[in-house]
Amino acid sequence: MKRDAANRSRAITWRVVSGAAVLLIWTFFPIAWVILTSLKGDRLQFSIPPVLLFPPTLVHYARLLHDADFSRFYLNSLAIAVFSTSAVLAVAIPAAYAHARLRFPGRTASLALLIGIRTMPPVTVVVPLFIYFRRLGLMDTYLGMVLLYTAFFAPFGVLMLKTFFDGVPQEVDDAAAIDGASPIRRLLLHLTPIGPGVAAVAVLSFISSWNEFLFAFVFTAREAKTIPVALAMFVGETGIDWGTMTAGATVVMVPSVVLAWLVQRHLVRGLTAGALK
Amino acid sequence: MREPGIGFSLPVYALLAGVLVWPMAYVFYLSFYSFHLLTGQMSFVALHNYAAVVKDATFLSAIRNTCLYTSASVTLELLLGVGMALLLHRPGRFMAIVRGAVIAPWALSPVVAGLVWRMLFHSNYGILNYLLSLLGVPMGQLQWLSTPGLAMVAVITTEVWQNAPFVYVIVYAGLQSLPAEPEEAAAVDGASPWQIFRFITLPQLVPAIGVAGSFRTILALREFTIPWTVTGGGPANATLMLSIYLYRQMLQFFELGRAAAVGWIMLLLTAVLAAAFVARASRPPESALTQ
């Protein structure tokens, strides 16, 4: 009887199902609408009432595929995301291990600093970085963008990976230390158990870089311009070309949605470790 | 290296020093100078940038807009996110699938979210106005993106759509970690579902809601991309946020000193908020609840 009473509040009633249905419509209608619009021919784009059944066409995707600029920007996005994700892992894994397992002076202060630094608004550093990027020739380069993204996502990587290192039994470390293993060897021993954490940090860094707009908008022009910036340009400059715009939006959103779905179990840790965006 | 802990962390420190800490110091320095991007002229002007900004009516309306945007968005995100968590905190395969699916908007680039809603809100060809026309509002009568109040509604809707899942993820994790016994005992004692929620579940969720709310407040305060893509800050600056104001000072008026002053003001605002949240979070939950 006790069970029944408790389960009452978690039962799946028709009200719960309709609530979930409303929630799914709210979540997916805009996404579905974009995909639907991207498959409509030019003449149907602006028909009112909207046409729901129509022969789908890939003409907008073909247009994007043949647009040398768009392919270039897509490649830029991919390359910058891959490089900055690798760089985040390279700097964050040792730092996270140090903060979890090695005692060093200022460790607590360093952790607080990593948390505090995450709250700084990126738009504030845009001004000084703009001046220095111009002086150092980093404007519109992969290197400049990778540096920015790595610096911005590394603190989150350290904090999130630290929680995974914390979950590995201390004995693993102690036994290796007794055998005289160096800190680097001890770190390498941990890589297998924290594998899922590394994968989650990699995926979240990749998504953040792939989606980022402000820095890419200010610091790139053509050579290193990324897909979100190219998408934003569709508005206004060329009037409204919903076909191309929605096709572009679709190819940008598919990777991030799929990747986020893959790491959903680790999202809480990622979000609270440093709130990515 | 005598201290491997420091050695292991050095690359991160170096990056942060170069890309974040040093620029923060430099932006503070710059905020006391007049520095025009095109002429390259730089001269010390003490507090003039701050004075000029604070006297600028556009800046004041950017402050008002940002406060409205942040408070309305975060309130709605908390309500929706907590509602989602409570609704989906149920056993079964169907619920598990829904739980994985509803995070999708959060994973999108804010540019995509902005463009999507910009399209939905379009006054002549948008689906929203079409649906309203079925209810008797003539197509094109509601000019969402070119009417000040409605434009703010559009921007806030986009922000809430994209970020309520963030609140949901954190609150749902909090919900999962709660023990079932108090709810069971209350149910046995004849408490109504609302009473159980109000007096047992909700008080225990306060820490999770607090964390989610703090993060969202800090992140909404600096948001650039959503207002930029949905309205561009218009019409007539009605959705101009501090971040867009800063951007304009920098790349439209080329007044880097003023942009630096705005940047520093935003940093201070964020720091004050973050400190307030930390102070609040370190108090016992009971006292947080009674406020």
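Colleague: Where is P235(B) placed in chain B?

Modeller: P235(B) sits in the loop that runs between α11 and α12 of chain B. This is a predicted model. The peptide bond joining G234(B) to P235(B) is cis, with omega at about -5 degrees.

Colleague: Which loop holds A236(B), and what is its phi?

Modeller: The loop between α11 and α12 of chain B also contains A236(B). Its phi is positive, about 50 degrees, although A236(B) is not a glycine.

Colleague: Why does A236(B) count as exposed?

Modeller: Exposure is read here from a neighbour count, and a residue is exposed if 12 or fewer other C-beta atoms lie within 10 Å of its own. A236(B) has 12 such atoms, so it is exposed.

Colleague: And what is the phi of F254(B)?

Modeller: F254(B), not a glycine either, has a positive phi of about 60 degrees. Its place is the loop between α12 and α13 of chain B. With 14 C-beta neighbours inside 10 Å, F254(B) is partly exposed.

Colleague: Between those two loops comes helix α12 of chain B. How many of its residues are buried?

Modeller: Eight of the ten residues in α12(B), residues 242-251, are buried, so the helix is mostly covered, buried meaning 20 or more other C-beta atoms within 10 Å. The buried residues are L242(B), S243(B), I244(B), Y245(B), L246(B), Y247(B), Q249(B) and M250(B).

Colleague: What do the buried residues of α12(B) pack against?

Modeller: They pack against α6 (122-136) of chain A, and against α3, α11 (225-230) and α13 (256-281) of chain B.

Colleague: Helix α3 of chain B also crosses α10. How should I read a helix crossing?

Modeller: Two packed helices are described by the angle between their axes and the distance between the axes. For α3 (residues 57-88) and α10 (residues 193-221) of chain B, the axes come within 9 Å and cross at roughly 145 degrees. The crossing of α3(B) and α10(B) is right-handed.

Colleague: Which residues make the contact between α3(B) and α10(B)?

Modeller: On the α3(B) side they include T66(B), Y69(B), T70(B) and S73(B), and on the α10(B) side I209(B), A212(B), G213(B) and R216(B) are among them. By class, the contact has eight nonpolar, six polar and two charged residues.

Colleague: What spacing should I look for in such a list?

Modeller: An α-helix has 3.6 residues a turn, so residues three or four places apart point the same way. T66(B), T70(B), V74(B) and L78(B) are among the contact residues of α3(B).

Colleague: Now the two chains. How many residues of chain A are in contact with chain B?

Modeller: The size of an interface is often given as the accessible area lost when the parts come together. Here it is given as residues: 76 of chain A are in contact with 77 of chain B. Helix α2 (residues 14-38) of chain A supplies the largest share of the chain A side, ten residues. That side divides into 59 nonpolar, eleven polar and six charged residues.

Colleague: What does Y130(B) touch?

Modeller: Beyond its neighbours within four places in sequence, Y130(B) is in contact with I48(A), P49(A), P50(A) and M139(B). Y130(B) belongs to helix α7 (residues 127-134) of chain B. It is partly exposed, with 16 other C-beta atoms within 10 Å.

Colleague: Which residues of the largest nonpolar core touch the most other members?

Modeller: The core has 151 residues, and A92(A), L161(A), V112(B) and V171(B) touch the most other members. Its largest share, 16 residues, comes from helix α7 (residues 142-166) of chain A. Domain 1 (2-38) and domain 2 (59-274) of chain A both give residues to the core, so it lies between them. As for V112(B), leaving out residues up to four places away in sequence, it touches L231(A), A249(A), V252(A) and M253(A).

Colleague: How many residues of domain 1 of chain A are in contact with domain 2?

Modeller: Four residues of domain 1 of chain A are in contact with seven residues of domain 2. The domain 1 side has two nonpolar, two polar and no charged residues. The centres of the two domains, taken over C-alpha atoms, are 32 Å apart.

Colleague: Finally, what is the secondary structure of chain B?

Modeller: Chain B has 14 helices and two strands. Of its 291 residues, 45% count as buried.

Definitions and conventions:
Residues numbered from 1 in each chain as written. Chains lettered and ligands numbered in written order. Predicted model: local features only at pLDDT ≥ 70, side-chain atom pairs only at ≥ 80, totals over all residues. Helix = DSSP H or I, 4+ residues; strand = E, 2+ residues; numbered from the N terminus. Contact = placed C-beta atoms within 7 Å. Core = buried A, V, L, I, M, F, W, Y, C linked by C-beta atoms within 7 Å. Domains from an automatic or database assignment. Nonpolar A, V, L, I, M, F, W, Y, C, P; charged D, E, K, R; others polar. Axes fitted to C-alpha atoms, helices over the stretch in contact; angles between N-to-C directions. Left-handed = near helix turned anticlockwise from the far one by under 90°.
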